[in-house]
Amino acid sequence: MNKFIPCFNFTIMKIQILEPGNMVPVGSYLLRSIQNNSTPIVDLLVRESIQNSLDAHIDDKTTVRVDFVKGEYVPSVLNEIFDSITEKLNQNYFNSNSFLAVRDYGTVGLTGELHASRITNHNYGNLYKLVYDFGKPQENIGSGGSWGIGKTLFNRIGNGIVIF
């Protein structure tokens, strides 16, 4: 079993918490839109993970690989990397120590700028689309679904922390 942090390379993360408001999707609605009550959550996780990776394949690659990595971490070590919420995380997540990582290879990854002010020539990249264009239909030929909707299911399988 992996120990924290062999498969991750983190630095201090400045976070932005989106507040509920107009045009902000509600997670429970989105979850209902991608699943049914008869499909086990693990099946949804595997299907969504593999589909996301296949949608993001690199054109000149012939193979996409998806690994599911289970391991353990030290909550206080992980919590320290989150700017401004470390104390709250330490209060809420001091005993949790298991993680599931979904890693893919042969894919483009979360590319691009996070801040709109740094975007040039309408080159938003995948990261911006995941965070801010949540729900917008994908434009790549052969890709299905909408940006970010399927990823809401990752919250259901864990303790509430999802890191992209």
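Three exercises with worked solutions follow.

The model is predicted, so that local features need pLDDT of at least 70 and side-chain atom pairs count only at pLDDT 80 or more, while totals for chains, interfaces and linings use all residues. Residues are numbered from 1 along each chain as its sequence is written, and side-chain values use heavy atoms, with hydrogens and water left out.

**Exercise 1.** Determine which element gives the most residues to the nonpolar surface patch.

*Solution.* Begin with the members, which are Ile-41, Val-42, Val-46, Ile-50, Leu-54, Phe-68, Leu-100, Val-102 and Ile-157, together offering about 660 Å² of accessible area (Shrake-Rupley method, 1.4 Å probe, with only the protein chains shown counting as cover for residues). Next, assign them to elements: α2 (41-55) and β3 (98-105) each give two or more residues. Of the elements, α2 contributes the most, with five. Finally, take Leu-54, which lies in helix α2 and has a relative accessible area of 44%, so that Leu-54 is partly exposed (buried is under 20%, exposed over 50%, partly exposed in between).

**Exercise 2.** Locate Ser-84 and describe its phi.

*Solution.* First, place Ser-84 in the loop between α3 (75-79) and α4 (86-92). Then read its phi, which is near 75° and hence positive in a residue other than glycine. For comparison, most residues other than glycine have a negative phi. Lastly, Ser-84 counts as exposed because its relative accessibility is 63%.

**Exercise 3.** Identify the ring over which the charged end of Arg-65 sits.

*Solution.* The ring is that of Tyr-105, whose centre is 4.3 Å from the charged end of Arg-65 (the criterion asks for NZ of Lys or CZ of Arg within 6 Å of the ring centre and within 35 degrees of the ring normal).

Note on methods: Patches are made of residues with over 30% relative accessible area and no salt bridge: like charges are joined within 9 Å, nonpolar side chains (Val, Leu, Ile, Met, Phe, Trp, Tyr) within 5 Å. A salt bridge is a side-chain nitrogen of Lys or Arg within 4 Å of a carboxyl oxygen of Asp or Glu. Helices (H or I, at least four residues) and strands (E, at least two) are DSSP runs, numbered from the N terminus. Buried means under 20% relative accessible area, exposed over 50%, partly exposed in between (1.4 Å probe, protein chains only).
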